[in-house]
Amino acid sequence: MKRSSTVTSLPCLSLFLLLLLPSVVQSSDDLIDKICQATPFCDLCEASLRPFSPSPSDPKSLGAAMASVVLGNMTDTLGYIQSLIKHAHDPAAERALAQCAELYRPVVKFNIPQAMEAMQGGKFGFAIYVLGDAEKQTDSCQKGITNAGADDESSVAVTARNKLVKNLCDVAISVLKSLMNGL
């Protein structure tokens, strides 16, 4: 008799889990919608958070996911800048790119990883400060590129990348502020 109840309860449990799964996914999507609506770039926020698998289902993991997106984009931009330095022909552009690399390097290697670690401990204020500083470094990089007077294809690409990183920082800061305010 016990054997038949186990056999019967296993399909019931499976059915229950299948019925529960859409509500878990839905609640995760609702959380992303709710948090992203409070950011300055809602579409960018959603595009950044939705690809994560599994989708971040709690507020803390959303903050960590956004910081991870910022780190990934800053790392890619630093790599791109470093490759441009190797091929630069204009000394002013090369100096501006080298300055950008110097601004990005500590943020990528130390600051953002420290902010991510702080978030795990619930220290969102520190993470907001670090992301704000990352945004300032991006602005400084862009000023250097603009002041160098370079208007070639690579400077346009660096400008676009700087803008994306700046916008991602804005989104990440907004997400963290939402977390601090209890959503």
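**Exercise 1. Place Lys 123 and state which residue, 53 positions away in sequence, is paired with it by C-alpha distance.**

Solution.
- Step 1: Lys 123 sits in the loop between α4 and α5 (124–148). Helices here are DSSP runs of H or I with at least four residues, strands are runs of E with at least two, and both are numbered from the N terminus.
- Step 2: Lys 123 counts as exposed because its relative accessibility is 56%. The cut-offs are under 20% relative accessible area for buried, over 50% for exposed, and partly exposed in between (1.4 Å probe, protein chains only).
- Step 3: The residue is Leu 176; its C-alpha is 9.9 Å from that of Lys 123.

The model is predicted: local features need pLDDT of at least 70, side-chain atom pairs count only at pLDDT 80 or more, and totals for chains, interfaces and linings use all residues. Residues are numbered from 1 along each chain as its sequence is written, and side-chain values use heavy atoms, with hydrogens and water left out.

**Exercise 2. Give the secondary structure of the protein and its buried share.**

Solution.
- Step 1: The count is six helices and zero strands.
- Step 2: Read from the N terminus, the order is α-α-α-α-α-α.
- Step 3: Of the 183 residues in the protein, 37% are buried.

**Exercise 3. Compare the span of helix α6 with the expected value, then inspect Ala 172.**

Solution.
- Step 1: Helix α6 covers residues 153–180, which is 28 residues.
- Step 2: The expected span is 1.5 Å times one less than the number of residues. For α6 that expectation is 40 Å, and the model gives 41 Å from first C-alpha to last, close to it.
- Step 3: Gly 182 follows α6 and has a positive phi, near 75°.
- Step 4: Ala 172 lies in α6. Ala 172 is buried because its relative accessible area is 1%.
- Step 5: Ala 67 is 105 residues from Ala 172 along the chain, yet their C-alpha atoms are separated by 6.3 Å.

**Exercise 4. Which residues form salt bridges with Lys 166?**

Solution.
- Step 1: Side chains of opposite charge can pair when their charged atoms come close. The criterion is a side-chain nitrogen of Lys or Arg within 4 Å of a carboxyl oxygen of Asp or Glu. The whole structure holds five such bridges.
- Step 2: Glu 135 bridges to Lys 166 at 2.9 Å, N to O. This pair links distant parts of the chain, with Lys 166 in α6 and Glu 135 in α5, 31 residues apart.
- Step 3: Asp 139 also bridges to Lys 166, with the closest N and O atoms 3.7 Å apart. Asp 139 is in α5 and Lys 166 in α6, so this pair ties together parts 27 residues apart in sequence.
- Step 4: Check burial. Glu 135 is buried at 10% relative accessibility. Lys 166 is partly exposed, at 27%. Asp 139 is partly exposed, at 27%.

**Exercise 5. Describe the salt-bridge network that contains Arg 50.**

Solution.
- Step 1: The network links Asp 33, Glu 46 and Arg 50.
- Step 2: Within it, Arg 50 and Glu 46 meet at 4.0 Å, N to O.
- Step 3: Arg 50 counts as partly exposed because its relative accessibility is 32%.

**Exercise 6. Which residues gather in the patch of negative charge on the surface?**

Solution.
- Step 1: The members are Asp 90, Glu 94, Asp 151, Asp 152 and Glu 153. Patch residues need over 30% relative accessible area and no salt bridge; like charges are joined within 9 Å, and nonpolar side chains (Val, Leu, Ile, Met, Phe, Trp, Tyr) within 5 Å.
- Step 2: Take Glu 94. Its place is in helix α4 (residues 91–120).
- Step 3: Glu 94 is partly exposed, at 33% relative accessible area.

Notes: Areas by Shrake-Rupley, 256 points an atom, 1.4 Å probe, with all protein chains shown as cover. Lys, Arg positive; Asp, Glu negative; His and termini not counted. Charge placed at Lys NZ, Arg CZ, Asp CG, Glu CD.
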